[in-house]
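I opened the file to look up its enclosed space, its open pockets and the contact between its chains. My entries follow in the order in which I looked.

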Amino acid sequence: MYKHKDLLGLKDLTAEELSFLLDTARPMKEVISRPIKKVPTLRGRTVMNLFYENSTRTRGSFELAAKYLSADCVNISSSSSSVAKGESLYDTARTIQAQGADVIVLRHPMSGAPHMLAKAVKAAVINAGDGAHEHPTQALLDLFTVREHRGQIAGLTVTIIGDILHSRVARSNIWGFTTLGAEVRVCGPPTLMPAELNQTGARVFYRTEEALEGADVVMMLRIQAERQQQGLFPGLREYSRLYGLNRERLSLAKPDVLVMHPGPVNRGVELGHDTADGPESVIEEQVTNGVAVRMALLYLLTGGGAHNEADY
Amino acid sequence: MKLIIKGGRLLDPASGRDETADVYVQAGIISSPFAPDENTEIIDATGKLVAPGFIDMHVHLREPGYEYKETIATGTAAAARGGFTGVACMPNTNPVTDNRFIIEFIRRRAAESGQANVYPIGAISRGSRGEELAELGDMRDAGAVAFSDDGRPVSDAGLMRRAMQYCRMLDAPVISHCEEKSLAAGGVMHEGYQSTILGLKGIPASAEEVMVARDIILAAETGCPLHIAHLSTAGSVALVREAKKRGYPVTAEATPQHFTLTDRAVALYNTAAKVNPPLRGDQDVQALREGLADGTIDVIATDHAPHTFDEKNVEFDLAPFGLVGLETAVGLVWTELVHTGILTPLQAVAKLAYHPARILGIDRGKLTEGSAADITIIDPGITEIVDPERFAGKGKNTPFAGRTLQGLPVITIRSGHCSYTV
């Protein structure tokens, strides 16, 4: 069962709730493998995509998920809306509420923006990535992908490499994978590692080789060149040498390791052609599974799972 | 007008008196005992604490420039309701309080509309830009009690050294909000586990401690009295303790929010708990309490920083720092420090009245005969649930809403006249 009004993060979800979400995504994946990818489940429902940050795959994925379920879907991006005129998030939220959206999908550069929105509106809010806080649907699709390949999450070793400090993907995956019983290792430069991360249950590494030893899953994160300008690491060349994934390093992981990336990939930095497109890579499957997972969420948050009135 | 406060427990840190005694007031001055006549008001203070009027030496009154947040009238009304007879106001007004005319303006407005004594603090540098000294001597003559660039701390150590050399001559303390900007670097909360899981940019403890150490060294060298504002970390407490052991002219304050709350109060993105310095960890709270108990921390001040509802009702990163403290401070001191045995009532009064007066060179904060009759009467047993809608100040931005406090001011007397009664 999933009894919450919103999905703001994975931190406070139970193993049962996570499993239920993943289970619900399975029939959705079946729907999108059909030649006619449309079911009437959410006919008459409205999904509003509110994006304050550029995004191609997440926004497209939510839009497709809504459309495959026959919901109406509206996209609002910050550059083309009254947001650009200086409207506050609170007022934007109330406006959308008044227009009658059932689900608001929010992508925002600042951590906690979805929490604020969720308090202001009755509609279900899905966090599509907020600052460096969480990106729960990304982690759900990662969990789904790994579970499809391995049958279960418990007992696996998952290594996440990159700019952990600024990564909402890393945080959501730490919560999701540890809750379902995996060991999570995070690895990156000390200047891009958040404080006291080990309290989350993840193990912190600074050396790629050690972090990769015996891993079942390797998740590479995108490093932004902007962080170099902020002086947080010396440069992409050295970064790639220390933290990039090549075949030699990959051989330290389990032979059947899965290579993942939330995209978009910086080719030649964290991954090269030989690792991004190698037999271990499931990067494209992640994208497909993202649509299925988001369909499941839209379905559950619009009453498919019959949630508590108390949540309002 | 004459006044007798009868039967209360008199607490006067200046003389060390802690005993049941009556207090006599004539013409706004504490006097020797006299026989009451028909013009004498009598207050029965049985079971209550009678203390010299409290002085909050760290307040933002927002006037001139930000009257929509607070004015001298509303800020001092909040002070009176909170048991304070005096407040020292920080210079981050608009324009910045960096010249004699604004000092004079604040004093005039306080005389016209103030319900508490107002002691202006002048800026150290012009516009608090940290580039060149403001006219410190001129402001001192006009009534500035201390100098500070507060939330825009002087980054240039050379400028800070010159400010201290100058302020030593003026016999005025420099108040330092210690924050090394290159370490704070745009952070919005304490750097630790909570900032990690909330995905918010952290302000490390070192951002404060590096500048505490710098300013202590400069105080030792120049001999200028240095008062360190709102200590927030265990490391800062240790540095001040060591400075005092060495006999340096250093004093320090802590705020109720920093000795009560931790960074957990920020979850989930509660902008009322966004303050600078940020709410820290459990060990830091513990260290502040130890520092208060052993005398390392001389003063309890609020850093009263009013903001409007709309200013705080935004994304956490965008919200301004600060909370309103004047109307919850005394209740928090009694609830968190006195009733828990960390401070005796006499020690609490010293930190709320006697020490701030002494540090600022104000002839207040005592109940000896001949002193101004600024008096705060506290009922240590009374309880209240904090309700911001009842605040006299304009700002309602407090993380303490709904909290039960025990031990509250019931009467505030300024120069012999009641400025607040329950």
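**Cavities, contact, pockets**

I began with the largest cavity: in chain A, helix H2 (57–68), helix H5 (136–150) and helix H12 (283–304) each supply at least two residues of its lining. I note at the outset that this is a predicted model.

Entry 1, the largest cavity. I asked which helix gives the most to this lining. H12(A) does, with 5 residues. The space in the cavity is about 100 Å³. I listed the lining residues, among them A:Arg57, A:Thr58 and A:Ser61, then A:Gln138 and A:Leu141, and further along A:Ile283, A:Gln286, A:Val287, A:Gly290 and A:Arg294. A:His261 and A:Pro262 also line the cavity. By class I recorded 6 polar, 4 nonpolar and 2 charged residues.

Entry 2, the other cavities. With a lower limit of 30 Å³, I have a count of 7 cavities. The second largest has a volume of about 50 Å³. Its lining includes B:His177, B:Cys178, B:Glu179, B:His230 and B:Arg280. I also found three prolines there, B:Pro204, B:Pro277 and B:Pro278. The classes in this lining are 6 nonpolar, 3 polar and 3 charged.

Entry 3, the contact between the chains. I looked up how many residues each chain puts into the contact. Chain A gives 22 residues and chain B gives 16. The buried area is about 1600 Å², and carbon and sulfur atoms give 62% of it. On the chain B side, B:Tyr193, B:Thr196 and B:Glu315 supply 39% of the area that this chain buries against chain A, more than any other three residues. The residues of chain B that touch chain A are 9 nonpolar, 4 polar and 3 charged. I counted 0 salt bridges between the chains, but 5 residue pairs in polar contact, both residues at pLDDT 80 or more.

Entry 4, the largest pocket. I have its volume as about 1500 Å³. The lining has 47 residues, and A:Gly131, A:His166, A:Ser167, A:Gln224 and A:Arg227 lie nearest the centre. Two or more lining residues come from each of H2, helix H6 (168–179) and helix H8 (225–229) of chain A, and from each of helix H5 (181–184) and helix H6 (193–198) of chain B. H6(A) has the largest share, 3 residues. By class I wrote down 19 polar, 16 nonpolar and 12 charged.

Entry 5, the second largest pocket. The volume is about 580 Å³. Of its 28 lining residues, B:Asn92, B:Gly151, B:Arg152, B:Asn276 and B:Phe321 are closest to the centre. B:Asn276 also appears in the lining of the second largest cavity. This pocket has 12 polar, 8 nonpolar and 8 charged lining residues.

Note on methods
Residues numbered from 1 in each chain as written. Chains lettered and ligands numbered in written order. Predicted model: local features only at pLDDT ≥ 70, side-chain atom pairs only at ≥ 80, totals over all residues. Heavy atoms only, no water. 1 Å grid on protein atoms, 1.4 Å probe; cavity = no way out; pocket = protein on both sides within 12 Å on 5 of 7 lines; lining within 4 Å. Points joined across faces, edges and corners; volume = space filled by probe spheres on them. Helix = DSSP H or I, 4+ residues; strand = E, 2+ residues; numbered from the N terminus. Nonpolar A, V, L, I, M, F, W, Y, C, P; charged D, E, K, R; others polar. Contact = heavy atoms within 4.5 Å. Buried area = accessible area lost by both parts, 1.4 Å probe. Salt bridge = Lys/Arg side-chain N within 4 Å of Asp/Glu carboxyl O. Polar contact = N/O pair within 3.5 Å; in protein donor to acceptor, adjacent residues only side chain to side chain.
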